[in-house]
Amino acid sequence: MAVDEAPNPWISWSYLQDNSDAILAATRQHVTLTAISVGLGLLLAVPLALLAKRSRRLESLILGLAGVIYTIPSLALFAVLAPITGLTEKTVVIGLTAYTLLVLVRNVLTGLQGVPDEVVEAARGMGLGPVRLLLTVELPLAAPAILAGVRIATVSTIALVTVGAVVSNGGLGQLIFEGFNNNFYRAEILTATLLCVLLAAVADALLLAVEWAITPWRRR
Amino acid sequence: MSTASDTVAWLTDGAHWQGVDGVPHRLVEHLAISGLAVGVAALIALPIAVTLGHLARGGSLAVNLSNASRAVPTFGLLILFAVTPIGFGNRAAVVALTLFAIPPLLTNAYIGVRDVDREVREAASGMGMTGGQLLRRVELPLALPLIAAGLRTAAVQVVATATLAAYVGGGGLGRFIADGFGQADPAMTTAGGVLVAALALVVEVSLAGLQRRLTPGPKRQRVLPGLDPSLAGPSA
């Protein structure tokens with residue numbers, strides 16, 4: 001690259017001030033896309049993990065399929081989905097939800113398998129049906145493992161949302177891409193990238209707090 | 001779906017398999033970018049990991065590095081490098097990919113060497129082995145399965161991410177996706193997506209095979225795609 005003629009600083013307060021609306025909107029989309037994808041992923045992961053718990057063959061099949069999806073590059077998945085679902089948030093959410101499945105199913109399964117048999121039997125003896133057993137005994141006891149999975153899935157998803165820029169819905173990735181196409185606008189690129197990392201750190205800390213709050217028996 | 005038949009037509013059109021813009025040339029570019037990145041990352045990561053593992057020091061560094069790297073968007077870093085003096089194109093891609101290949105290589109190799117059985121280590125020292133001999137003849141061979149696991153994770157990740165190189169003016173199979181989007185040519189976009197996905201799966205399956213071969217029988221668990229000890233999560 002030729003030496004810059006116009007000043008093109010990495011950090012610029014005027015960029016932040018002049019574009020606060022756009023930055024906020026991109027951040028909001030980033031958070032929304034992440035929350036929906038991880039939320040949907042978790043909703044799918046619980047029944048899949050319950051299914052996988054039934055037999056080793058189902059476990060290999062489900063984890064194997066989730067692993068195959070996980071191996072497919074996000075850009076490739078968006079490329080294959082885009083002609084069908086368009087340049088929309090839907091394309092990004094479908095892809096990102098699919099990626100969370102491997103970590104979430106595995107961790108939900110590990111959590112459920114870790115519930116001691118005696119506890120399950122005692123709960124059954126108290127007359128709990130299968131649904132209440134799951135909701136009031138098994139899932140709460142599996143919560144630490146599940147939340148560990150949710151943390152990994154959330155942090156990776158926040159990083160991956162940026163790739164959604166190729167289908168025009170990448171949250172902060174949109175700003176990164178725009179800055180690149182806009183004569184290498186450094187302040188925009190760096191600000192958006194740093195905000196992504198900050199978002200991941202904040203989300204991780206919040207989820208850690210949630211884990212602390214809902215597992216009182218683990219505190220000492 | 002017409003997109004599906006258009007994609008098949010694109011992929012079976014001989015013209016798309018020739019020349020600088022053809023699939024074989026883009027594939028070679030893709031593999032060259034990826035191979036270079038993984039190679040450089042291994043040269044940097046493995047000596048550090050093996051040394052730290054041998055000394056059983058710096059564990060939290062290795063694990064935190066791998067966790068923290070998950071939070072950094074590759075796309076952002078790639079574009080950041082492209083607007084620095086590193087420059088536009090394949091060079092920015094190789095630098096970004098190398099950085100992302102280091103954490104899985106480092107973490108796995110570190111855990112592999114560090115977790116060699118204490119008794120095995122003591123037996124080796126009891127036989128009069130020096131630190132260097134212990135490392136070369138005992139620790140490294142025993143750590144090989146995990147080193148292979150790290151290599152597999154790193155390579156699959158790099159091959160996948162190398163697709164983004166096209167967005168900073170680089171080559172590789174990502175060109176078909178980027179150009180397909182750019183020229184509003186869904187058949188080309190989808191064909192590119194299919195090719196990249198197929199390549200990632202081929203690399204995954206072949207390296208999983210390598211990993212299995214390097215893992216002695218009793219420890220040979222089912223090697224599932226994407227499952228990597230360094231991915232085990234903060235509490236595991």
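**Two helical chains and how they meet**

Visitor: Which way does α8(A) pass α4(B), left-handed or right-handed?
Guide: Helix α8(A) passes α4(B) in a left-handed crossing, meaning that the near helix is turned anticlockwise from the far one by less than a right angle (clockwise would be right-handed). Helices here are DSSP runs of H or I with at least four residues, strands are E runs of at least two, and both are numbered from the N terminus.

Visitor: Which residues make that contact?
Guide: On α8(A) they are G173(A), I176(A) and F180(A), while α4(B) contributes F75(B), G76(B), I79(B) and A82(B), contact being C-beta atoms, placed from the backbone, within 7 Å. By class, five of these residues are nonpolar, two are polar and none is charged, where Ala, Val, Leu, Ile, Met, Phe, Trp, Tyr, Cys and Pro count as nonpolar, Asp, Glu, Lys and Arg as charged, and the others, Gly among them, as polar.

Visitor: Before we go on, what sort of model is it?
Guide: It is a predicted model, in which local features need pLDDT of at least 70 and side-chain atom pairs count only at pLDDT 80 or more, whereas totals for chains, interfaces and linings use all residues. Residues are numbered from 1 along each chain as its sequence is written, and chains are lettered from A and ligands numbered from 1 in the order in which they are written.

Visitor: OK, how many residues of chain A are in contact with chain B?
Guide: There are 46 residues of chain A in contact with 41 residues of chain B. The elements of chain A that give two or more residues to its side of this interface are α3 (56–71), α4 (74–85), α5 (89–113), α7 (130–161), α8 (172–181) and α9 (186–214). That side of chain A has 34 nonpolar, ten polar and two charged residues.

Visitor: And how many helices and strands are in chain A?
Guide: Chain A has nine helices and zero strands, and its C-alpha atoms fill a box of roughly 75 × 45 × 25 Å along the principal axes. Of its 220 residues, 46% count as buried, which requires 20 or more other C-beta atoms within 10 Å of a residue's own (12 or fewer is exposed, in between is partly exposed). Among contacts in chain A between residues at least 6 apart in sequence, 73% join residues at least 24 apart.

Visitor: What about chain B, how many helices there?
Guide: Chain B likewise has nine helices and zero strands, its C-alpha atoms fill a box of roughly 70 × 40 × 35 Å along the principal axes, and buried residues make up 50% of its 236 residues.

Visitor: Which residues touch the most other members of the largest nonpolar core?
Guide: In that core of 136 residues, they are V105(A), L78(B), L105(B) and A109(B), a nonpolar core being buried Ala, Val, Leu, Ile, Met, Phe, Trp, Tyr and Cys residues joined through C-beta atoms within 7 Å. Helix α5 (residues 90–114) of chain B gives the most to this core, with 14 residues.

Visitor: Which residues does V105(A) touch?
Guide: Leaving out residues up to four places away in sequence, V105(A) touches A45(A), L48(A), A49(A), A52(A), I62(A), L63(A) and A66(A).

Visitor: Last one: where is the place of L142(B)?
Guide: L142(B) sits in helix α7 (residues 131–161) of chain B, and because 18 other C-beta atoms lie within 10 Å, L142(B) is partly exposed. The C-alpha atoms of L142(B) and V159(B), 17 residues apart along the chain, are separated by 27 Å.

Key: Contact = placed C-beta atoms within 7 Å.
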